[in-house]
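Here are some short exercises to work through with the model open beside you. Try each task before you read the solution.

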Amino acid sequence: MDRIVLIIGQRAARSFLGTSAISLKSQSNSDYPNRADRISTSPEYFAYPSDMTGHDHDHDHHHDHDHSELSETELRVRALETILTEKGYVDPAALDLLIETYETKVGPRNGARVVARAWADPAYRARLIKDATPAISELGYAGRQGEHIVAVENTPQLHNMVVCTLCSCYPWPVLGLPPVWYKSAPYRSKAVKDPRGVLRDFGFELPDSTEIRVWDSTAEIRYLVLPMRPAGTEGWSEERLAELVTRDSMIGTGLPKQPHEVG
Amino acid sequence: MEGAHDMGGVAWSGPVAPEPNEPVFHAEWEKRAFAITLAMGMPGGWNIDMSRFAREDRPPADYLGMSYYQIWLAGLERLMLERGLVAADEIEAAKPLRPAKQVAKKLTRDGVAAMLHRGGPTEREATSPARFAVGDRVRAKAIHPPTHTRLPRYVRGHVGTVEMLHGVHVFPDTNSMGRENPQWLYTVTFDGRELWGPDGDASLKTSVDAWESYLEPA
């Protein structure tokens, strides 16, 4: 058995948030009072500053505020967009399309298709490992923040994990924009030193005998983890296999779903 | 520079807190901040290393006290102010107070797909052979540049092994000041205990991507 999955899941990580939220509240910052989503921590989504939230998601944060009051940051962004538009530097229609692209078109389903093809097609897998950028481009994914991609393969002896300790480098064409935890201090500091501790934060452990290989993306090379194909998926189509591939399994902070989890 | 952004191995950060079903953006303003940052790259004319330096070059308390897109916004404002594209009093007034600067290019809606597809490849043609080969033992230099660098503190002075060659890439330390100065780029892998001492995880190997001038033979 090459890995042990503890059924703690994300509940465990969530329970830690209470303490960090309290300690953060005590740090005042005159420009950004009561900011609980600062980069030094992960998002306290239950305590996300009410004046900073959108209206289109379902976290259990507080909604007892007046939406007519805009935060300093919201006003500043509006001011900038107005100035840049009126000066003719930006086209609001282009801004809308940029947002739409990363909200609806470019995301981890792209990477899942790459992984599923590598699982289903040994020749594709070989091309992906040898030179990932053109192999990924075969499926139509290329460009910004994915100009030079390397795919790294998990085995029963080796588990790969990807981080960017200096900022937030992430393979956008295959995974989309990075989640907040990936950009936060806890992940950026801990992954290179205590990746097993990170995996525990994500609710699972690997045997001591598994080598852990952490890739710090300090240049413009972007890394994509090729997770191990789950057992019991012989003969599955690429489409079905892709349903098993989670975003975190392609970063190395998670594992693919098991066949029974996708029905 | 040794700012708060260089986080590898620091001990004060607490557990990683994944967010179930995380949205791509957490607020409307984050979407607009993201989009104006991407769109301004074209008329602004700066490169990725200038952007990174504009974000990371700020007092640690400020860096750590801001959210991710607030840092993006602060970096964008700085780049635009430095180039006179906007002025502080205009941001204060929330409207233009003087004419626009002449800019070479502007991102239109029709140009978005091509801009994203093109990206910003950093590989350049090699003009000299690589100094190191796969398997070579190398030491990351103990350098402390006051300007932008992509050699994280936690590997400086430590010995690792060259694992990959990636060709010749634009050198961020000088690119942040407008000179590409391309160099060979390597993946260098360090044992956990080399980096973190005898209590480090013996099953851990950590790599960075390092330009040739960051390295010396060990």
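Chain A holds 14 helices and four strands. Keep in mind throughout that this is a predicted model.

**Exercise 1. Get a feel for chain A and for how far to trust it.**
Task: find what share of chain A is buried, and which stretches have a pLDDT under 50.

Solution.
- Step 1: start with burial. Of the 263 residues in chain A, 49% count as buried.
- Step 2: look at the contacts. Among those in chain A with a separation of 6 or more, 64% link residues 24 or more positions apart.
- Step 3: turn to confidence. The average pLDDT of chain A is 82, and 75% of the residues score at least 70.
- Step 4: locate the weak stretches. Residues 1-36 of chain A stay under 50, though the model gives them 52 contacts beyond four places in sequence. Residues 42-66 of chain A are also below 50, with 51 contacts in the model beyond near neighbours in sequence.
- Step 5: draw the lesson. Where pLDDT is low, predicted coordinates should not be read in detail.

**Exercise 2. Describe the side of chain B that touches chain A.**
Task: say how many residues take part, which element of chain B gives the largest share, and what kinds of residue are there.

Solution.
- Step 1: count both sides. The contact involves 78 residues of chain B and 88 residues of chain A.
- Step 2: list the contributors. Elements of chain B that give two or more residues are α1 (28-44), α3 (60-65), α4 (68-82), α5 (88-93), α6 (112-118), β3 (159-169) and β5 (204-211).
- Step 3: pick out the main one. With 12 residues, α1(B) supplies the largest share of this side.
- Step 4: sort by chemistry. This side of chain B has 42 nonpolar, 19 polar and 17 charged residues.
- Step 5: check for strand pairing across the chains. Strand β3 (residues 211-216) of chain A runs parallel to β5(B), with five bridges joining them. One of the bridge pairs is Val214(A) with Thr206(B).

**Exercise 3. Place Gln183(B) in its sheet.**
Task: decide whether Gln183(B) is buried or exposed, and work out which strands flank its own.

Solution.
- Step 1: find the element. Gln183(B) belongs to strand β4 (residues 183-191) of chain B.
- Step 2: apply the cut-off of 20 or more C-beta atoms within 10 Å. Gln183(B) is buried because 23 other C-beta atoms lie within 10 Å. Seven of the nine residues of β4(B) are buried, so the strand is mostly covered.
- Step 3: follow the pairing. Six bridges connect β4(B) to β3(B), antiparallel, and seven connect β4(B) to β5(B), also antiparallel.
- Step 4: name some partners. His169(B) has Gln183(B) as its bridge partner, while Tyr186(B) stands opposite Ala210(B).
- Step 5: list the neighbours. Leaving out residues up to four places away in sequence, Gln183(B) touches Val168(B), His169(B), Phe171(B), Trp211(B), Glu212(B) and Ser213(B).

**Exercise 4. Test the length and the surroundings of α4(B).**
Task: compare the expected span of α4(B) with its end-to-end distance, then ask what covers its buried residues.

Solution.
- Step 1: calculate. The 15 residues of α4(B), at 1.5 Å a residue, should span 21 Å.
- Step 2: compare. The end C-alpha atoms of α4(B) are 21 Å apart, which agrees.
- Step 3: mark the buried residues, among them Tyr68(B), Trp72(B), Leu76(B) and Met80(B).
- Step 4: see what lies over them. The cover includes α3 (72-86) and α9 (180-183) of chain A, together with α1, α2 (48-56) and α3 of chain B.
- Step 5: look past the helix. α4(B) is followed by Gly84(B), whose phi is positive, near 70 degrees.

**Exercise 5. Compare two residues with a positive phi.**
Task: say where Gln145(A) and Asn181(B) sit, and whether each is buried or partly exposed.

Solution.
- Step 1: recall the background. Most residues other than glycine have a negative phi.
- Step 2: take Gln145(A). Its phi is positive, about 60 degrees, and Gln145(A) lies in the loop between α7 (132-137) and β1 (148-153) of chain A. With 23 other C-beta atoms within 10 Å, Gln145(A) is buried.
- Step 3: take Asn181(B). Its phi is positive too, near 40 degrees, and Asn181(B) lies in the loop between α7 (172-175) and β4 of chain B. With 14 other C-beta atoms within 10 Å, Asn181(B) is partly exposed.

How values were computed: Residues are numbered from 1 along each chain as its sequence is written. Chains are lettered from A and ligands numbered from 1 in the order in which they are written. This is a predicted model: local features need pLDDT of at least 70, side-chain atom pairs count only at pLDDT 80 or more; totals for chains, interfaces and linings use all residues. A residue is buried if 20 or more other C-beta atoms lie within 10 Å of its own, exposed if 12 or fewer, and partly exposed in between; C-beta atoms are placed from the backbone. Two residues are in contact if their C-beta atoms, placed from the backbone, lie within 7 Å. Ala, Val, Leu, Ile, Met, Phe, Trp, Tyr, Cys and Pro count as nonpolar, Asp, Glu, Lys and Arg as charged, and the others, Gly among them, as polar. Two strands pair if DSSP finds at least two bridges between them. pLDDT is the predictor's confidence in each residue, from 0 to 100. The expected span of a helix is 1.5 Å times one less than its number of residues.
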